[in-house]
Amino acid sequence: NHRRKHDSDNNQQWILDKQDLLRDRQEDLTNLPEEEYQKIHIFFCGVIQAVGEQLKLRQQVIATATVYFKRFYSKYSFRTIDPLLMGPTCVFLASKVEEFGVISNSRLITACQTVIKNKFSYAFNQEFPYRINHVLECEFYLLEMMDCCLVVYHPYRPLTSYVQDMGQEDTVLPLAWRIVNDSYRTDVCLLYPPFMIALAALHMACVILQKDAKHWFAELSVDMEKVLEITRVVLRLYDLWKQYDERKEILSLLNKMPKARVAQPGQSQGSSSDGKQQGSQGGSQK
């Protein structure tokens, strides 16, 4: 199947090296310690999740939107485009790519307004500031950066077949599935292929539920060291969550976040006024 092969090659170029990722984030990490940077990502993944749920999207569509978001900010600073605009734009694009059916412009903006007002008023002291023209412009930059790699493979499908092979659908699947959902709050979707994330989630679920799966894992021809690396990242997320009070901390974190410079009215035609910084950072100068 040629298309599949092409898609998986495209996805291969999106498995990043940890050192490259840290290097590309250097601009933001000079302003924010890595843990604070991660907390901002966790927060905006939560915004994407809430907007997706408000629009009644499947979890897979929300996961695709989250990957788009993470891929964009793996290459660019928060200063390039306001994440509050990029998040909903990723949801908008993912719903089209996942063939969920296009969300109407007004429904998208209404969902964002509702979610920001009802769920995130502790983080934003104003209503959702963007309109559909901002989303469409932002989508253009997102598409340009994604380089046509719009199909995203997720751990859900390999996870389901592993669990069936193990014969543990009823017991292990719900917990492993939740762990995969949680993994999108970390960088593992940028650093490892989906089948490995599925195995790590499955391994964690078996340990937590005290299912002896040693023999099953031993028969896999898989680099278990990598699976355990993923496990450690997810466990660090759980440690972070235990001592992180988002409602108390997020305002000061968002204040420290590098801001997209907003062009002043009356500037030259090349600049825009919607949270997009022109120039080399945004890749908008061809």
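These notebook entries record what I looked up in a predicted model of a single chain.

**Entry 1. Overall make-up.** I began with secondary structure and found 15 helices and zero strands in the chain. I then asked how much of the chain is covered: of its 286 residues, 52% are buried. For the accessible surface I noted about 14200 Å², with carbon and sulfur atoms contributing 50% of that area. I also looked up the contacts with a separation of 6 or more, and 78% of these join residues 24 or more positions apart.

**Entry 2. Helix α4.** I next turned to α4, which runs over residues 34-54 and has 21 residues. From the first C-alpha of α4 to the last I recorded 30 Å, close to the 30 Å expected at 1.5 Å a residue. I checked its exposure as well: 16 of the 21 residues of α4 are buried, and the helix is thus mostly covered. Just after α4, I noted that K56 takes a positive phi of about 60°.

**Entry 3. Cysteines.** How many disulfides does a search of the whole structure find? I recorded zero. C90 is in no disulfide, and its nearest cysteine sulfur, that of C138, lies 6.9 Å away; a disulfide would need the two sulfur atoms within 2.5 Å. I then looked up whether C90 is buried or exposed. C90 has a relative accessible area of 0%, so I entered C90 as buried. C112 has a relative accessible area of 1%, and I therefore entered C112 as buried too. The cut-off behind both entries is a relative accessible area under 20%.

Methods: Residues are numbered from 1 along each chain as its sequence is written. This is a predicted model: local features need pLDDT of at least 70, side-chain atom pairs count only at pLDDT 80 or more; totals for chains, interfaces and linings use all residues. Side-chain values use heavy atoms; hydrogens and water are left out. Helices (H or I, at least four residues) and strands (E, at least two) are DSSP runs, numbered from the N terminus. The expected span of a helix is 1.5 Å times one less than its number of residues. Buried means under 20% relative accessible area, exposed over 50%, partly exposed in between (1.4 Å probe, protein chains only). Contact means heavy atoms within 4.5 Å. Accessible areas come from the Shrake-Rupley method with a 1.4 Å probe; for residues, only the protein chains shown count as cover.
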